[in-house]
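Let us read a structure together, one feature at a time.

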Amino acid sequence: MPTAKFDLLPSANPTADAIRNDILSNPGFGRYFSDHMVHVRWTVDAGWHGHEVRPYGPLTLDPASAVLHYGQEIFEGIKAYRHADGSVWTFRPEKNAERFRRSARRLALPELDDETFVESLRALLAQDHDWVPTPSGEADECSLYLRPFMVASEAFLGVRPSHEVDYYVIASPAAAYFKGGVAPVSIWLSSNYKRAAPGGTGYAKCGGNYAASLAAQKEAEAQGCGQVAFLDAAENKWIEELGGMNLFFVYHDGRLVTPKLTGTILEGVTRDSVLELARDEGLQPEERHISIDEWREGAASGDITEVFACGTAAVITPVGELVGEDERIRCTEGDNPVARQLRSKLLDLQYGRSEDKHGWLTRL
Ligand code: COI
């Protein structure tokens, strides 16, 4: 397939160097945006067309746009990393492209081919490469977080797949997702809410899944927790994932267990990478059902020695404790050596400090 060409409409008002540098010195997460964005239009008659990089700015959407009423929307999260020689790279973009197509199928949106997906990131970075922060040291996980997304933009209130769709990519400089950085995060165990049900949209990266997690996330915050953990909807027994990241359990004998993909769990790119890196490190990764009772008992007996969350935004973040209606379970006694080791391996790879044995890096 020929690679799509993106027309450029440069920003007439790019951010001044001093202001951008100030933002990059302390970007937080998801608050600031680069000077440009990608846009590609799709219509049922013409397919994908009008590939462009244009100034970042508000969208004009008809109030009757399907996305505003029925939530026909999907997105991705992927990062651009600056290496020591100044070059900019991204990590396994073909996995995000593939997941974006899977999400599109589930939400009855048109599929964007993988080459155009990757090329759209490259086209944006060609303009906004100065927005990729330079890490100050090995502990610094700053990056440019890229957010491709697709929305149903046809002005029509009938419930059917939209005949008009828009794809965008925006970019936001990012530091650690959690305020405490790599400090262990507390997790709230939701008993009132479920994230996804069998046959639903759990495996798709769509806004609705995140919207559905917010009431539980509010509960989590009221309990002083940074994230919420969901159990399965059918049996209320199996651990699924957190509001915005996957979970891993480290056992004292070197097993590393993560809930298996049942269709209700997001197929995280970081999750998949951790499984691979764990094998390299001599751990024994297992994808299987893990019940909340196994978590409780494993933590109590010392069989489970660490728990960590992972995702593009969160990288690998240790879980300090699980908090429920009537319980408080400590998840780690020590310094989370396995989580820290895997985290360093992953970051070293992403920032070009170690050999890319798996061929996971793509230059932007
Ligand atoms: C990501 O990790 O990229 C996500 O989309 C999760 C969200 C919590 C930021």
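A short dialogue follows.

Q: What kind of model is this?
A: This is a predicted model: local features need pLDDT of at least 70, side-chain atom pairs count only at pLDDT 80 or more, and totals for chains, interfaces and linings use all residues. Residues are numbered from 1 along each chain, as its sequence is written.

Q: Which residues are around the ligand?
A: A residue is near a molecule if its C-beta atom, placed from the backbone, lies within 6 Å of it. Here they are G77, G244, G311, T312 and A313.

Q: How do the residues of that shell divide?
A: Ala, Val, Leu, Ile, Met, Phe, Trp, Tyr, Cys and Pro count as nonpolar, Asp, Glu, Lys and Arg as charged, and the others, Gly among them, as polar. The shell has one nonpolar, four polar and no charged residues.

Q: Is I304 buried or exposed?
A: Buried means 20 or more other C-beta atoms within 10 Å of the residue's own, exposed means 12 or fewer, and partly exposed is in between; C-beta atoms are placed from the backbone. I304 is buried because it has 23 C-beta neighbours inside 10 Å.

Q: What sign does phi usually have?
A: Most residues other than glycine have a negative phi. R92 is not a glycine, yet its phi is positive, about 50 degrees. V315, also not a glycine, has a positive phi of about 55 degrees.

Q: Why does V315 count as buried?
A: V315 counts as buried because it has 24 C-beta neighbours inside 10 Å. R92 is buried too, with 20 other C-beta atoms within 10 Å.
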